[in-house]
Amino acid sequence: MLVFDDKNYYVANSGDSRAALSRNGTLVILSEDHKPESSTEKERIEKAGGVIMNGRVNGGLNLTRALGDFDYKSTPNIPYHEQMITCHPDVRVVPRDPADEFVIMGCDGIWERYVNNSQHMIDYLVMQRNMQIDSRIMVENMLKGMLAKCTSEEIGCDNMSTILIEFVRS
């Protein structure tokens with residue numbers, strides 16, 4: 001979730017979605033995925049009686065925070081924010097800047113190709129904006145480019161939902 005005022009962005013994230021900001025064409029990370037590999041997440045999971053198997057919580061989920069998945073939130077006498085899977089979000093406050101161009105938010109499927117370098121996604125969108133391509137078409141082109149050509153491909157078969165928020169400079 002993204003909320004902002006005149007001075008700051010407030011980003012709340014719970015799950016494997018992500019948000020990124022383009023500031024003068026440079027990536028500003030607004031959120032982190034909640035994955036079992038994180039030492040903080042792993043510690044909470046193990047304290048609640050869970051284990052990480054094959055990169056997944058109890059061998060099932062490959063994310064550590066979510067709104068649903070109630071089977072992982074039923075350890076007695078443990079507050080909701082200490083359960084194996086919690087809905088408790090991380091909240092970041094990021095100062096706004098006149099050079100801010102846009103925010104892109106989306107589920108894990110849109111970030112698969114950019115797992116190690118989200119700057120590539122920002123570069124692509126900046127290039128499209130510089131070509132004055134309509135925002136809807138720009139996002140559609142981006143998603144089509146990420147889509148697997150066939151289901152045997154490992155990347156590009158996940159769900160892909162995204163939202164692009166463009167800032168108008170005065």
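**Figure 1. Salt bridges in helix H4 of the predicted model.** In this predicted model, the side chains of Lys 144 and Glu 140 form a salt bridge with an N to O distance of 3.2 Å. Both residues belong to helix H4 and lie 4 residues apart, about one turn of the helix. Glu 140 also meets the side chain of Arg 136 in a salt bridge, at 3.4 Å from N to O. Glu 140 and Arg 136 are likewise separated by about one helical turn, because they are 4 residues apart in H4. Lys 144 is exposed, with a relative accessible area of 54%. Arg 136 is exposed as well, at 56%. Glu 140, which takes part in the bridge to Lys 144 and in the bridge to Arg 136, counts as partly exposed at 31% relative accessibility.

**Figure 2. Salt bridge between strands E8 and E3.** The side chains of Asp 100 and Arg 23 meet in a salt bridge, 2.5 Å from N to O. Asp 100 lies in strand E8 (residues 100-106) and Arg 23 in strand E3 (residues 18-23), so the pair ties together parts of the chain that are 77 residues apart in sequence. How accessible are the two partners, Asp 100 and Arg 23? Asp 100 has a relative accessibility of 3% and therefore counts as buried, the cut-off being under 20%. Arg 23, with a relative accessible area of 22%, is partly exposed. The count of salt bridges in the model comes to 10.

**Figure 3. Helices H3 and H4.** Helix H3 covers residues 119-130 and helix H4 residues 135-146. The axes of H3 and H4 come within 10 Å and cross at roughly 140°. Are the two helices parallel, antiparallel, perpendicular or oblique to each other? Angles over 145 degrees count as roughly antiparallel and those from 65 to 115 as roughly perpendicular, so the crossing at roughly 140° makes H3 and H4 oblique to each other. The crossing in which H3 passes H4 is right-handed. H4 is also the helix that holds Lys 144 and Glu 140.

**Figure 4. Nonpolar surface patch.** Which residues form the nonpolar patch on the surface? Met 1, Val 3, Tyr 10, Val 91 and Val 93 form it, and together they have about 480 Å² of accessible area. One of these residues, Val 91, is found in strand E7, which spans residues 90-95. Val 91 has a relative accessible area of 56% and is exposed, since exposed means over 50%.

**Figure 5. The loop between strands E6 and E7.** Gly 68 is placed in the loop between strand E6 (56-57) and E7. With 24% relative accessibility, Gly 68 counts as partly exposed. Gly 68 and Cys 87 are 19 residues apart in sequence, and their C-alpha atoms are 7.8 Å apart in space. Asn 77 is also found in the loop between E6 and E7. The phi of Asn 77 is positive, about 60°, although Asn 77 is not a glycine. Asn 77 counts as exposed, at 82% relative accessibility.

**Figure 6. Asn 24 in the loop between strands E3 and E4.** Asn 24 has a positive phi of about 55° although it is not a glycine. Its place is in the loop between E3 and strand E4 (26-29). Is Asn 24 buried or exposed? Its relative accessible area is 57%, and Asn 24 is exposed.

**Figure 7. The chain as a setting for the close-ups.** The protein chain has 4 helices and 9 strands. From the N terminus, its elements run β-β-β-β-α-β-β-β-β-α-α-α-β. The C-alpha trace spans about 55 × 45 × 20 Å along its principal axes. The chain has 170 residues, of which 39% count as buried.

Technical notes:
Residues are numbered from 1 along each chain as its sequence is written. This is a predicted model: local features need pLDDT of at least 70, side-chain atom pairs count only at pLDDT 80 or more; totals for chains, interfaces and linings use all residues. Side-chain values use heavy atoms; hydrogens and water are left out. Patches are made of residues with over 30% relative accessible area and no salt bridge: like charges are joined within 9 Å, nonpolar side chains (Val, Leu, Ile, Met, Phe, Trp, Tyr) within 5 Å. Accessible areas come from the Shrake-Rupley method with a 1.4 Å probe; for residues, only the protein chains shown count as cover. A salt bridge is a side-chain nitrogen of Lys or Arg within 4 Å of a carboxyl oxygen of Asp or Glu. Buried means under 20% relative accessible area, exposed over 50%, partly exposed in between (1.4 Å probe, protein chains only). Axes are lines fitted to C-alpha atoms, for helices over the stretch in contact, and angles run from 0 to 180 degrees between N-to-C directions. Angles under 35 degrees count as roughly parallel, over 145 as roughly antiparallel, 65 to 115 as roughly perpendicular and the rest as oblique. A crossing is left-handed if the near helix is turned anticlockwise from the far one by less than a right angle, and right-handed if clockwise.
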